[in-house]
Amino acid sequence: LITFKDCSGQKTTVSVDISPCPTQPCVFTFNNTATVTVTFNSPAASETLKSAIYGIVAGVRIPWKMPNPDGCQGCNVTCPVVQGKGYTYSSTLGVPQGAPKLKLVVEWTL
């Protein structure tokens with residue numbers, strides 16, 4: 001499990017795990033994959049679950065292309081999402097060879 005900040009203000013995120021990430025800060029290498037698992041309690045009912053990733057560089061949110069932004073397809077969540085119910089979302093993404101080498105904070109939204 002990693003240290004995280006629940007930016008929703010609703011305290012709905014229970015835990016976040018990134019694999020591989022044996023120590024923090026997480027270090028990702030080119031041409032490898034990382035799996036992010038987020039356990040959360042849904043703050044609202046919804047027919048869909050969309051996800052997005054942003055890198056925060058010098059205070060600016062920069063979007064990162066998601067391989068699958070539909071959290072209802074292949075991410076371990078069955079939609080519709082029920083308010084107050086617990087879910088475990090999981091997504092694997094790669095670090096492409098051309099990605100810039102830098103340290104940054106990542107914001108993952110669901």
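Modeller: Let's start with the yardstick: a disulfide is a pair of cysteine sulfur atoms within 2.5 Å. Keep in mind that this model is predicted.

Colleague: Why is Cys 75 without a bond to a cysteine?

Modeller: Distance settles that one. The closest cysteine sulfur to that of Cys 75 belongs to Cys 72 and lies 8.6 Å away, too far for a bond. Cys 75 is buried, at a relative accessible area of 2%.

Colleague: And what about Cys 7?

Modeller: Its closest cysteine sulfur is in Cys 26, at 16 Å, which is also too far for a bond. Cys 7 is exposed, with 59% relative accessibility.

Colleague: How many disulfides does a search of the whole structure find?

Modeller: Two. One joins Cys 21 to Cys 26, with an S to S distance of 2.0 Å. The other links Cys 72 and Cys 79, whose sulfur atoms are 1.8 Å apart. If you number the bonded cysteines in sequence order, the pairing reads 1-2, 3-4.

Colleague: Is the disulfide of Cys 21 and Cys 26 left-handed or right-handed?

Modeller: Look at the torsion about the S-S bond: for Cys 21 and Cys 26 it is about -90°, so this disulfide is left-handed. For Cys 72 and Cys 79 the torsion is about -70°, so that disulfide is left-handed.

Colleague: Which of the bonded cysteines are buried, and which are partly exposed?

Modeller: The cut-off for buried is under 20% relative accessible area. Cys 21 counts as buried at 15%, while its partner Cys 26 is partly exposed at 22%. In the other pair, Cys 72 is buried at 17% and Cys 79 is partly exposed at 22%.

Technical notes. Residues numbered from 1 in each chain as written. Predicted model: local features only at pLDDT ≥ 70, side-chain atom pairs only at ≥ 80, totals over all residues. Heavy atoms only, no water. Buried < 20%, exposed > 50% of the residue type's maximum accessible area, 1.4 Å probe, protein only.
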